Amino acid sequence: MKSMGRDFARTLPAAVRAEKHLLPASVRAEVEALNGARPLAFSLQLLGAWTVIIATIVFAIRVESVWVSMVALLIVATRQNVLGLLVHEQAHLLGYRGRFGDLLVNLLAAYPLVVLTVEGYAQVHLAHHREYFTDGDPDFRRKSGPDWKIPMSRRTLVKLMLSDLVGINTLKLVRGKRADEESPLFARRHRYPRWIRPLYFAVVASLLTLTGTWGVFLLYWLLPILTITQVIIRWGALCEHKYNLPGATVAASTPMILPTWWERLLLPNLNFTMHPYHHYFPGISFSKLPMVHSVFDREGLVDRRCLFDGYLSFLSFITKPAADESSAVDTHP
């Protein structure tokens, strides 16, 4: 990220110069033309994630090396995160729109992650979009506190991630993906019998028993879900928004991070760090967000000084000592 004035006490550097309602009509029309599900791009990501997962586990089993197994756990966790991001896409109906779209994504992406369903996640996430940074926003309620305060010390961040890694915070993070009593209801158009999910788990358990692969499942699938994947989820949430800012606009609370090529390779995120665009246009697939960025940049609606050039740049930014809040100066337009 280029040098800029900093206001740690208030908002993030606003990479997007205008909120959605202030965009020129021509820009809104051009971008909104990109709305709609992209089942091919979605399917390729789904296939790619499972291909990497299966190939990695098979390779680790054959090599029988502790070090290879450790790397395998990390790789599997990164692709479990991709499956979670695909559930997020389907929550917006950007994967499959047919009658069985949610069911298919449940079977291939949500149920394998054990704690997720498309329906449950959609209820929380769509409330987050509708009630952004208000008391009706479940994400805002759960993530406004000391654990989500930015900037934070490096020691605090390491402590939080180590707690995630050993499973201490797993239950809290899992609960954050479920609806609570205060969340608005967003019922899905197509609903399925409740017995499908337990039947799914029963079939999986039976197959693991028949094939004698419970050990493989527990080591290479469940262990990363409970540990490494939780660290990745926390990092993704930190990259998503700065919380503790009641009533903040999207531009003032959402960073724009453009990962380097090697960061995209090691930790694919389906363009999730172009998050301001997602909030402005939630009907646009992850595969089209770079095109949205190109339009905004062409129209002079991106402050390039406020872009984060990779995860390391953002990490450095959020772990710098906080400025004196009593003398902080708001540098944003």
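**Packing in an all-helical predicted model**

Leaving aside neighbours within four places in sequence, Val 87 is in contact with Val 105, Ala 109, Ala 110, Leu 116, Thr 117, Val 118 and Tyr 121. Apart from the core around Val 87 lies another one of 30 residues, which includes Val 16, Met 256, Tyr 280 and Leu 301. The model described here is a predicted one.

Val 87 also belongs to the largest nonpolar core, a group of 51 residues in which Leu 83, Val 87 and Trp 235 touch the most other members. Two or more residues of this core come from each of α2 (39-63), α3 (66-91), α4 (101-110), α5 (118-130), α7 (154-165), α10 (214-226), α11 (228-240) and α16 (311-318). Helix α3 gives the largest share, 10 residues. As a general point, nonpolar side chains in soluble globular proteins tend to be buried together.

Stepping back to the whole chain, the model has 16 helices and 0 strands. Of its 333 residues, 50% count as buried. Among contacts between residues at least 6 apart in sequence, 79% join residues at least 24 apart. The accessible surface comes to about 16600 Å², and carbon and sulfur atoms account for 63% of this area.

Helix α15 (residues 289-298) offers a handy example of how a single helix is placed. Its buried residues are Leu 289, Val 292, His 293, Val 295 and Phe 296. These residues lie on the same side of α15, because they cover an arc of only 160° around the axis. The spacing is a familiar one: an α-helix has 3.6 residues a turn, so residues three or four places apart point the same way. The packing partners of the buried residues of α15 are α1 (25-32) and α14. After α15 comes Gly 300, with a positive phi near 75°.

Helix α14 also borders a loop that deserves a look. Asn 269 sits in the loop between α13 (261-266) and α14 (275-280). Is Asn 269 buried or exposed? With a relative accessible area of 11%, Asn 269 falls under the 20% cut-off, and therefore counts as buried. The side chain of Asn 269 makes a polar contact, at 3.1 Å, with the side chain of Thr 273. Not counting residues up to four places away in sequence, Asn 269 touches Leu 85, Pro 259 and Tyr 311. Of these partners, Leu 85 falls within the span of α3 (66-91) and Tyr 311 within that of α16 (311-318).

Terms used:
Residues are numbered from 1 along each chain as its sequence is written. This is a predicted model: local features need pLDDT of at least 70, side-chain atom pairs count only at pLDDT 80 or more; totals for chains, interfaces and linings use all residues. Side-chain values use heavy atoms; hydrogens and water are left out. Helices (H or I, at least four residues) and strands (E, at least two) are DSSP runs, numbered from the N terminus. Buried means under 20% relative accessible area, exposed over 50%, partly exposed in between (1.4 Å probe, protein chains only). A polar contact is a pair of N or O atoms within 3.5 Å; within protein, one must be able to donate a hydrogen and the other to accept it, and residues adjacent in sequence count only if both atoms are side-chain atoms. Contact means heavy atoms within 4.5 Å. The arc is that of the directions from the helix axis to the C-beta atoms. Accessible areas come from the Shrake-Rupley method with a 1.4 Å probe; for residues, only the protein chains shown count as cover. A nonpolar core is a set of buried Ala, Val, Leu, Ile, Met, Phe, Trp, Tyr and Cys residues joined through side-chain atoms within 4.5 Å.
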